[in-house]
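Here are a few exercises to work through with the model open beside you. Try each task before reading its solution.

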Amino acid sequence: MEHDHVRAVDTAVADALEGEIDRQETTLSMIASENHVSRAVLDAQSSALTNKYAEGYPGARYYGGCEYADEVEQLAIDRASELFGAEHVNVQPHSGTQANQAVYFATLEPGDKILSLDLTHGGHLSHGHPANFVGQLYTVEQYEVDPDTGYLDYEGLAEQAAAFEPDMIVSGYSAYPREVDWERIQAVADDVDALHLADIAHITGLVAAGVHESPVGVADFVTGSTHKTIRAGRGGIVMTTEEFADDIDSAVFPGGQGGPLMHNVAGKAVGFGEALEPEFVTYAEQTVANATVLGETLAEHGFSLVSGGTDNHLVLIDLRPSHPDTTGGDAEEALEEAGIVLNGNTVPGETRSAFNPSGIRAGTPGLTTRGFDEDDMRTVGDLIAQVINAPDDDAVIEETRAEVERLCSANPLYK
């Protein structure tokens, strides 16, 4: 893939863009929040809609010349509504975090109480970490997973909610490898008269395909990212009922952002259209199957999987039992040198820091998009194990890199 128009005016940026394509083509993208979009989504996101301001909503814009912007945004809304069965959809948030921000701004006052999962147990910065605006504007208390099982402690959550009396409970996670019982969390929210926000950023595509239970119609608000497991244009989405529709729309615009990124909305529309095709269900099922096999393979090599396995697209590995002297940062660095790109990640009971944690997180959405199957994932699991077992062995790194290149050549991305 070349960028001739960019190269004609800016060789430095063109070199970087083409270098990035080569990097993606020749490495294994296993960061659980990343994926590879189709050429159609890429084309939509680089379209002339990048030139258009469209503050407002379809049929009610603050600028003229929005007839095609209206058409594209309405397509994105209608397709998302069909995918998820949502009464009301806002497709304008620039990211999943800004989708969450809209819900908070629409429903809470500064100082109100939020109950959410601790970051080191699989939560997200935008759920209440003190470094994020949420932790600074609201009173946040956080629940944890069961330290023995790695699963959500629903009974503990209920007890904590009864004592804390939150205004909102946040579910949905960035590093939780198990299916979520939305109904059970909703029952806790009902018991304490709290609103319930389900953030499905990581599993948006799995929910759309029906391979993970949906919180739409259960939780008061459902937010998500549109570029992870669902492979649409990069950004966020908010889904809710008609009761909260006006409040959410006002919180997105003008409450939290100005003009929508219409080229990204076009990418969302195209990606949602792709997700409505039967092939997408096959993709989502394979993503989960690949993660299951990856986890099983790593367990066979002696690695400790948080919760003992996975129900979704990611595995979370606690390195301390098997490799007590290897940090997540060490593993990430060695694996990237070998062509396997994933991230160091905190784990329940973290004894190090978020900057150099005790675990790693590996996802299968990107590899599944490339066509990897269970046999490929067994090979990938073997490669990860051999690198972590010998992170300073140049021969092992070289051997692994050669096998990574073979796998990439057998499963090309855009070529």
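**Exercise 1.** Keeping in mind that this is a predicted model, find which residues of the largest pocket are closest to its centre, and say which element gives the largest share of the lining.

*Solution.* Start with the space itself: the largest pocket has a volume of about 800 Å³. Its lining counts 23 residues, and Gln24, Val37, Leu42, Gln45 and Tyr414 are the closest to the centre. Next, turn to the elements: α2 (11–26) and α3 (39–45) each supply at least two lining residues, and the largest share, five residues, comes from α2. Finally, sort the lining by character: seven residues are nonpolar, ten polar and six charged.

**Exercise 2.** Do the same for the second largest pocket: which strand gives the largest share of its lining?

*Solution.* This pocket holds about 380 Å³ of space. Among its 18 lining residues, Leu119, Gly123, Leu125, Ser174 and Asn345 lie nearest the centre. Strand β14 (residues 343–345) gives the largest share, three residues. By character, the lining has six nonpolar, ten polar and two charged residues.

**Exercise 3.** Why is strand β8 (residues 195–199) largely enclosed by the rest of the structure? Trace its neighbours too.

*Solution.* Count the buried residues first: four of the five in β8 are buried, so the strand is largely enclosed. On one pairing, β7 (residues 168–171) runs parallel to β8 through four bridges, with Ser171 partnering Ala198. The chain travels from β7 via helix α8 (residues 182–191) to β8 in a right-handed β-α-β crossover. β8 also pairs in parallel with β9 (residues 221–225) over three bridges, where Asp199 stands opposite Thr223. Here the chain passes through helix α9 (residues 204–209), and this β-α-β crossover is right-handed.

Definitions and conventions: Residues numbered from 1 in each chain as written. Predicted model: local features only at pLDDT ≥ 70, side-chain atom pairs only at ≥ 80, totals over all residues. Heavy atoms only, no water. 1 Å grid on protein atoms, 1.4 Å probe; cavity = no way out; pocket = protein on both sides within 12 Å on 5 of 7 lines; lining within 4 Å. Points joined across faces, edges and corners; volume = space filled by probe spheres on them. Nonpolar A, V, L, I, M, F, W, Y, C, P; charged D, E, K, R; others polar. Buried < 20%, exposed > 50% of the residue type's maximum accessible area, 1.4 Å probe, protein only. Pairing = 2+ DSSP bridges. Right-handed = clockwise from strand over helix to strand, strands pointing away.
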